[in-house]
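I have one chain to go through today. I will log what I look up, entry by entry.

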Amino acid sequence: MSKPCLCAALVSALLLGAPVQAAAQNAQGTPAKRVLSFLAGGAAGLVAHEAGHLAAGLALDADPGFKRLDYGIIPFFVVTHDPVSRRREYVIAASGFFVQHAANGRDGVPEPVIGMFVLVPATLDAVRYLKQDPAWARWTSRAVKAGLVLLAVK
């Protein structure tokens, strides 16, 4: 994907995601409206998270792009980039969480709890990397990540 197209997609995603996230946080009314608002907020969070990876990749001149990911029954994508130094890789990989934390603001779950839900799966993913992906670490990491999503439900 060319850089001008990628920049346009990034700006569009950020502009579209912000109002949806704000509307989802102020949801009231019927259960159906609350569920739809919750899903819209989750989609906005995903867009913001991935936009963080794209922005960091662009800023570090790593030529970011997208790659299709076939895992299970739901098709998805990953943000890819050219090989970079370990320091730049860290910034690009962590930038999704940086954006989420910046968008979180003051309200919500206490920061130490969020920190635990970020550090535990990161540690488990490091174990997976170093120990040839043991099943217990994979599933525990996924469970903690699901718990992080459940914190958004009020």
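**Entry 1: a serine and its contacts**

I started with Ser 95, which touches Gly 52, His 53 and Ala 56 when residues up to four places away in sequence are left out. I noted that this is a predicted model. Ser 95 belongs to helix α3, which spans residues 86-104. Is Ser 95 buried or exposed? Its relative accessibility is 6%. The cut-off for buried is under 20%, so Ser 95 counts as buried. I then checked burial for the whole protein: buried residues make up 24% of its 154 residues.

**Entry 2: the layout**

I listed the elements next. The protein has five helices and two strands. Along the sequence I read the pattern α-α-β-β-α-α-α. I also looked up contacts between residues with a separation of 6 or more. Of these, 48% join residues 24 or more positions apart. For the surface I wrote down about 10700 Å² exposed, with 67% of it supplied by carbon and sulfur atoms.

**Entry 3: how far to trust it**

The average pLDDT of the protein is 76. A score of at least 70 is reached by 73% of the residues. Which element has the lowest mean pLDDT, and which the highest? Helix α1, residues 3-25, is lowest with a mean of 50. Helix α2 is highest with 85. Over residues 15-24 the pLDDT falls below 50. I still counted what this stretch touches in the model: beyond near neighbours in sequence, it has eight contacts. I treat those as part of the prediction.

**Entry 4: the hairpin**

I moved on to the strands. Strand β1 covers residues 65-71 and strand β2 covers residues 74-80. They pair in the antiparallel sense, over seven bridges. Which residue of β2 stands opposite Leu 69? I found Phe 76 there. Two residues lie between the strands of this hairpin. Gly 72 takes a positive phi near 80° in the hairpin.

**Entry 5: a nonpolar patch**

Leu 69 and Phe 76 came up again when I looked at the surface. Together with Leu 46, Tyr 71 and Val 78 they form a nonpolar patch. Its accessible area is about 420 Å² in total. Where do its residues come from? Strands β1 and β2 each supply at least two of them. Leu 46 lies in helix α2, residues 31-59. I checked its exposure too. Leu 46 has 34% relative accessibility, which lies between the 20% and 50% cut-offs, so it counts as partly exposed.

**Entry 6: two aspartates with positive phi**

Last, I looked at backbone angles. Most residues other than glycine have a negative phi, so I wrote down the exceptions I came across. Asp 63 has a positive phi, near 50°. It sits in the loop between α2 and β1. Asp 63 counts as partly exposed because its relative accessibility is 35%.

Asp 133 also has a positive phi, about 55°, although it is not a glycine. Where is Asp 133 found? I located Asp 133 in the loop between α4 (111-130) and α5 (135-150). With a relative accessible area of 30%, Asp 133 is partly exposed.

Technical notes. Residues numbered from 1 in each chain as written. Predicted model: local features only at pLDDT ≥ 70, side-chain atom pairs only at ≥ 80, totals over all residues. Heavy atoms only, no water. Pairing = 2+ DSSP bridges. Helix = DSSP H or I, 4+ residues; strand = E, 2+ residues; numbered from the N terminus. Patch = residues over 30% accessible without salt bridge, like charges linked within 9 Å, V, L, I, M, F, W, Y side chains within 5 Å. Areas by Shrake-Rupley, 256 points an atom, 1.4 Å probe, with all protein chains shown as cover. Salt bridge = Lys/Arg side-chain N within 4 Å of Asp/Glu carboxyl O. Buried < 20%, exposed > 50% of the residue type's maximum accessible area, 1.4 Å probe, protein only. pLDDT = per-residue confidence, 0-100. Contact = heavy atoms within 4.5 Å.
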